[in-house]
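Welcome! Please take a moment to look over the sequence and the model before reading on.

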Amino acid sequence: MLDYQEVLNTIYANAIQEKNKGIVASYIPELKHIDASNFGIHLRLITGKTYNVGQAETHFSIQSISKVLSLAYAFSLVGNKLWQRLDVEPSGNPFNHLALLELEHGIPRNPFINSGAIVIADILISNLKNPKEDFLNYVRDLTNDTSINFNKKVAQSEKNTGFTNYAAANLLKSFNNLENPVEDVLDFYFHQCAIEMNCTQLSNAFFAFANQGKCVLNKTRLTSSQAKRINAIMLTCGFYDEAGEFAFEVGLPGKSGVGGGIVALLPNEFVISVWSPGLNDKGNSKLGMQALEQFTTLTKRSIF
Ligand code: DON
């Protein structure tokens, strides 16, 4: 029998002795104080059994991982109409790349690059009464945890320095692909990115994607077809210009954030969350990717 705890312990032992832990993001000033030696993993099997190692209970900024949750909410609210406003193709470019957006007339390549997530934020604002509060409640409901919150300092810090996101939003607005004012859309977007979770909460939040759309309490939150489609976008676009590398090394749908979190899943089997704040030069957690490569290699569990 596979001993998952043993596997996580091995990965942890490898990670803590690694000298090059990557570089903590500093372009959002509030994130640069995080200690790069943090490392945690939480694994939740579809049966409900859980395992963890290291700092699995320490909260961190989920950043771009939130883009999967905002996509799921928008998809459940408006259905396939969504795809009139953005595409589902890998971009092969960094998460904050702008040139392609202009060339492709304001239609973002996918919902996980910043411009795509900004369009999703706009769709949510148009469809919700109290957008930030309703989104937070959606995430709390998916996770079955009312303690989840925004870190307002992180949201403000990104607002002060988010010039590239302002450029993306203005470009989208100029192509008539934003219904709401740029300021409102970015205020929502900076807050969604500033949600904090620990690895345990992250695995719970993503359980529905591994469980045919049913959340941790086994309530339907997405159709199984929507869950399948979101997993496909995670596989092809979840790591920007490193999506091919992640599929090659790890072989699971997943999503990263510049806070150093990565969540990945095997449909009908498990969700695994890793946090290691040091990033590689593509903006993905360096040791997080290595940890997941070791996990799928040691357990022989991937989609391939
Ligand atoms: O918009 C940004 O730049 C950040 N709020 C999120 C970027 C991010 O997490 C990219 N992921 N690896």
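The paragraphs below go from the domains to the ligand, and then to two helix pairs.

Keep in mind from the start that this is a predicted model. A good place to begin is the division of the protein chain into two parts: domain 1, which covers 4–63 + 195–299, and domain 2, which covers 66–193. Taken over C-alpha atoms, the centres of domain 1 and domain 2 are 21 Å apart. Where they touch, 32 residues of domain 1 are in contact with 34 residues of domain 2. On the domain 1 side, strand 6 (195–197), helix 9 (199–205) and helix 11 (224–237) each supply at least two of the touching residues. Helix 11 gives the largest share of that side, with six residues. Sorted by class, the side of domain 1 that touches domain 2 has 19 nonpolar, eight polar and five charged residues.

Now turn to the ligand. Where does it lie with respect to the two domains? Domain 1 and domain 2 both give residues to the shell around the ligand, so the ligand lies between them. There are 13 residues around the ligand, and those that come nearest are Gln63, Ser64, Cys193, Gly257 and Val258. By class, the shell has three nonpolar residues, nine polar ones and one charged one.

Next, find helix 8 (residues 182–193) and helix 4 (residues 114–127), whose axes come within 9 Å and cross at roughly 110°. Angles of 65 to 115 degrees count as roughly perpendicular, and helix 4 and helix 8 are therefore roughly perpendicular to each other. Helix 4 makes the contact through Ala117, Ile118, Ala121, Asp122, Leu124 and Ile125, while helix 8 brings Asp184, Val185, Phe188, Tyr189 and Gln192. Eight nonpolar, one polar and two charged residues make up this contact of helix 4 with helix 8.

Helix 8 also pairs with helix 6 (residues 152–161): their axes come within 8 Å and cross at roughly 130°. How are these two helices oriented to each other? Helix 6 and helix 8 are oblique to each other, because an angle that is not under 35, not over 145 and not from 65 to 115 degrees counts as oblique. The crossing of helix 6 past helix 8 is right-handed. Here Ala155, Glu158 and Lys159 in helix 6 meet Phe190, His191 and Cys193 in helix 8. The classes in this contact of helix 6 with helix 8 are three nonpolar, one polar and two charged residues. You may recognise Cys193 of helix 8 from the residues that come nearest the ligand.

Notes:
Residues numbered from 1 in each chain as written. Predicted model: local features only at pLDDT ≥ 70, side-chain atom pairs only at ≥ 80, totals over all residues. Axes fitted to C-alpha atoms, helices over the stretch in contact; angles between N-to-C directions. Helix = DSSP H or I, 4+ residues; strand = E, 2+ residues; numbered from the N terminus. Contact = placed C-beta atoms within 7 Å. Nonpolar A, V, L, I, M, F, W, Y, C, P; charged D, E, K, R; others polar. Near = placed C-beta within 6 Å. Domains from an automatic or database assignment. Left-handed = near helix turned anticlockwise from the far one by under 90°.
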